[in-house]
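Okay, thanks for making time, everyone. I'll walk you through one structure today, starting from a single contact and working outwards.

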Amino acid sequence: MKTRKLGHTGPEVPVLCLGGNVFGWTVSQADSFRQLDRAVGAGLALIDTADAYSRWAPEHHGGGSESLLGEWFAKSGGRKDVILATKVGMEMGEGKKGLSSE
C-alpha cells in the first residue's frame with residue numbers, strides 16, 4: 001500500500017483511508033470484522049470514525065462505529081497496526097456538543 005507522511009513530522013499513513021461510518025449501523029459486526037481484517041491485512045491501516053456516526057438513525061445514539069472498532073481491536077489485537085482518525089465536537093444530541101469535561 002502506498003503511503004505518505006502525515007504533515008511534516010507525522011507518521012507514514014496509507015494514501016487511502018477506510019471509512020468507519022457504516023460500522024455499528026448498516027453493516028453487521030461479522031461483516032465489519034471481515035472488512036477490517038482484509039483491509040488491515042492488505043495494508044490499509046488508516047481508519048476514520050466519529051462518535052456522531054449513526055446518531056441520526058432511529059434507535060441509535062452515536063458511538064456505534066467506535067464501539068465496534070474497540071471490539072475488533074480487542075478480538076484481533078490489531079490496534080497496534082492501525083492509525084485511528086476520529087472527529088470530535090460534533091452535535092451529539094440536544095445540549096451535547098463541545099469538548100468540555102461536562
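**A bridge, a ring pair and what sits around them**

So, the side chains of Arg-34 and Asp-31 meet in a salt bridge, with 2.2 Å from N to O. Before I go on, please keep in mind that this is a predicted model.

How are those two placed in the chain? Both are in helix H1, which covers residues 29-41, and because they are 3 residues apart there, about one helical turn separates them. Now the solvent side of things. Arg-34 is partly exposed, at a relative accessible area of 49%, and Asp-31 is partly exposed as well, at 34%.

How many salt bridges does the structure hold? There are 2. The other partners to look at are Lys-80 and Asp-81, where the closest N and O atoms are 3.6 Å apart. The cut-off for a salt bridge is 4 Å, so that pair counts. Lys-80 comes out as exposed, with 71% relative accessibility, while Asp-81 is partly exposed at 40%.

Let me step back to the fold for a minute. The protein chain has 2 helices and 5 strands. If you read along the sequence, the order is β-β-β-α-β-α-β. There are 102 residues in the protein chain, and 31% of them count as buried. On contacts: take those between residues at least 6 apart in sequence, and 61% of them join residues at least 24 apart. For the surface people, the accessible area of the protein chain is about 6600 Å², with 54% of that belonging to carbon and sulfur atoms.

Right, aromatics next. A pair of aromatic rings is described by the distance of the centres and the angle of the planes. Searching the whole structure turns up 1 aromatic pair. Its members are Trp-72 and Phe-73, with ring centres 5.5 Å apart and planes at 55°, so we call the pair tilted. Why tilted? Stacked needs planes under 30 degrees apart and edge-to-face needs over 60, so 55° falls into the remaining class.

Are these two rings' residues buried or exposed? Trp-72 is buried, with 3% relative accessible area, and Phe-73 is buried too, at 12%. The cut-off for buried is under 20%, so both values qualify.

Phe-73 has a charged visitor as well: Arg-79 lies over the face of its ring, 5.2 Å from the ring centre.

Staying in that part of the chain, have a look at Gly-78. You'll find Gly-78 in the loop between helix H2, residues 64-76, and strand S5. Gly-78 is buried, with a relative accessible area of 4%. What does Gly-78 touch, once neighbours within four places in sequence are left aside? The answer is Trp-72 and Phe-73, the two members of our ring pair. There's also a link back to the helix I started with, at least in terms of distance. The C-alpha atoms of Gly-78 and Asp-37 are 8.7 Å apart, although their positions lie 41 residues apart in sequence.

Moving along to strand S5, residues 83-87, we meet Leu-84. Leu-84 is partly exposed, at 31% relative accessible area. Not counting residues up to four places away in sequence, Leu-84 touches Ile-47, Thr-49, Leu-69, Phe-73 and Arg-79. Notice that this list includes both Phe-73 and Arg-79, the ring and the charge over its face from a moment ago. Leu-84 and Leu-18 are 66 residues apart along the chain, and their C-alpha atoms are separated by 9.8 Å.

Two last stops. One is Trp-56, in the loop between strand S4, residues 46-50, and H2. Trp-56 is partly exposed, at 49% relative accessibility, whereas Trp-72 is buried. Leaving out residues up to four places away in sequence, Trp-56 touches Asn-21 and Trp-25.

The other is on the surface. Which residues make the nonpolar patch of about 270 Å²? They are Met-1, Val-15 and Leu-16. Met-1 is found in the segment before strand S1, which is residues 3-5, and Met-1 is partly exposed at 48% relative accessibility.

If you want one picture to take away, go back to Phe-73: it pairs with Trp-72, has Arg-79 over its face, and is in contact with Gly-78 and Leu-84. That's me done, so over to you.

Notes:
Residues are numbered from 1 along each chain as its sequence is written. This is a predicted model: local features need pLDDT of at least 70, side-chain atom pairs count only at pLDDT 80 or more; totals for chains, interfaces and linings use all residues. Side-chain values use heavy atoms; hydrogens and water are left out. Rings of Phe, Tyr and Trp (its six-membered ring) pair if their centres lie within 6.5 Å; planes under 30 degrees apart count as stacked, over 60 as edge-to-face and the rest as tilted. Buried means under 20% relative accessible area, exposed over 50%, partly exposed in between (1.4 Å probe, protein chains only). A charge sits over a ring if NZ of Lys or CZ of Arg is within 6 Å of the ring centre and within 35 degrees of the ring normal. Helices (H or I, at least four residues) and strands (E, at least two) are DSSP runs, numbered from the N terminus. Contact means heavy atoms within 4.5 Å. Accessible areas come from the Shrake-Rupley method with a 1.4 Å probe; for residues, only the protein chains shown count as cover. Patches are made of residues with over 30% relative accessible area and no salt bridge: like charges are joined within 9 Å, nonpolar side chains (Val, Leu, Ile, Met, Phe, Trp, Tyr) within 5 Å.
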